[in-house]
Amino acid sequence: MLRLDDLNVFVRTADRGSLSAAARELEISPALASAALKRLETELKLRLFARTTRSLRLTEEGEHYLRHASEALRVLKEGHDALIQGKEILGGTLKISMPSDLGRNLVVGWLDEFQAQYPKVVLQLGISDRVSDMYRQPIDIAIRYGKQEDSSLVALPLAPENRRVLVASPEYLKQHGKLHSLDDLAQHNCLRFMLDDIIHDRWSFYSEQHAAPDVVHVRGNRTADDADVVRRWAVAGVGIAYKSRLDVSADIRAGRLQVLLPDALGEPTPLNMVCMHRAQITPTVLQLRDFLRAQCEKA
């Protein structure tokens, strides 16, 4: 049976007039290229090249067969390109869940751009800080913060180095003063997030000198079960928030919020795109992953 690789070696050798040049172009050894030609000649029961120690030229049979081999390779390449082009026409329905703050203020806008590029993609969005149950809810993809605990799910990283940061508005800092250390948090109004009736009032910070984090118990007069509300309170100047840097990236760039104690490394909050099994990783999903990852890097 004829091998495609052998045909490729034959056509390249004829085009280049040199077996070694063809081997270099195909990134194989001259010995492998020579073996391919011998195998092809044996299969065809033809002598394709007349060889001497100094030259290599096509025989009459080789000249005739070259036209057919070149045409066969061209047709196969066109078929492959057509398949690839078909895959690049992305489409289908994607049901995506995402956190409230990140979803409303960043991801929705990013998805507008993505859908403008790929108009055949249909989006169904679920925006909530409650972790979606992918086994019970009709969700294709969940965009989630944090380490993926369920090993049965497939996680595609979007922002693996993302962390939490302490932020406050310039107005709040003018009125209440800047932080000089984590201990100063005890003197400030800390805006807290609540999920499933659990108030997240212990904020963790890391240093290169210590493996264990410093955990600060914070207090404040405002708590919300919507992370976007906490961000809005911080922008309004009523307290200090401990947020994923992605969530507040636009506010930091615009000067609405300032990062406090930047040397105190906040809790790692990697962002992932999660699906239930690898069969769901379609060309559309991969393209969306690449698009969102690029947006996270720019945020």
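Two strands count as paired if DSSP finds at least two bridges between them. In this predicted model, strand 6 and strand 16 (residues 271-275) are joined by five bridges and run antiparallel. Within this pair, A159 stands opposite L271 of strand 16.

**The sheet**

The pair belongs to an open sheet of five strands, whose order is 4-3-5-16-6 and whose pairing is mixed. Strand 4 (121-127) and strand 6 (154-159) lie at the edges with a single partner strand each, so one side of each has no neighbour in the sheet. On average, and with direction ignored, neighbouring strands of this sheet are turned by 25° against each other.

Two helices that pack on this sheet are set out below, each with the strands that the helix touches and the angle between its direction and that of one strand.

| Helix | Residues | Strands touched | Angle |
|---|---|---|---|
| Helix 5 | 100-117 | strand 3 (92-98), strand 4, strand 5 (141-145), strand 16 | about 175° with strand 4 |
| Helix 9 | 283-298 | strand 3, strand 4, strand 5, strand 6, strand 16 | about 30° with strand 6 |

**A residue of helix 9**

R293 has its place in helix 9, the helix that touches strand 6 among other strands of the sheet. Is R293 buried, partly exposed or exposed? With a relative accessible area of 30%, R293 is partly exposed, because that value falls between the limit of under 20% for buried and that of over 50% for exposed. When its neighbours within four places in sequence are left aside, R293 is in contact with P157 and L158, while its side chain makes a polar contact of 3.3 Å with the side chain of D290. V259 lies 34 residues from R293 along the chain, and the C-alpha atoms of these two residues are separated by 23 Å.

**A pair of helices**

Two packed helices are described by the angle between their axes and the distance between the axes. For helix 1 (residues 4-16) and helix 3 (residues 30-44), the angle is about 105° and the axes are 9 Å apart. The two helices, helix 1 and helix 3, are therefore roughly perpendicular to each other, since angles of 65 to 115 degrees count as such. Where they meet, helix 1 contributes D6, L7, V9, F10 and T13, and helix 3 contributes A33, A36, L37, R39 and L40. Sorted by class, the contact of helix 1 with helix 3 has seven nonpolar, one polar and two charged residues.

Methods:
Residues are numbered from 1 along each chain as its sequence is written. This is a predicted model: local features need pLDDT of at least 70, side-chain atom pairs count only at pLDDT 80 or more; totals for chains, interfaces and linings use all residues. Side-chain values use heavy atoms; hydrogens and water are left out. Helices (H or I, at least four residues) and strands (E, at least two) are DSSP runs, numbered from the N terminus. Axes are lines fitted to C-alpha atoms, for helices over the stretch in contact, and angles run from 0 to 180 degrees between N-to-C directions. Contact means heavy atoms within 4.5 Å. Buried means under 20% relative accessible area, exposed over 50%, partly exposed in between (1.4 Å probe, protein chains only). A polar contact is a pair of N or O atoms within 3.5 Å; within protein, one must be able to donate a hydrogen and the other to accept it, and residues adjacent in sequence count only if both atoms are side-chain atoms. Angles under 35 degrees count as roughly parallel, over 145 as roughly antiparallel, 65 to 115 as roughly perpendicular and the rest as oblique. Ala, Val, Leu, Ile, Met, Phe, Trp, Tyr, Cys and Pro count as nonpolar, Asp, Glu, Lys and Arg as charged, and the others, Gly among them, as polar.
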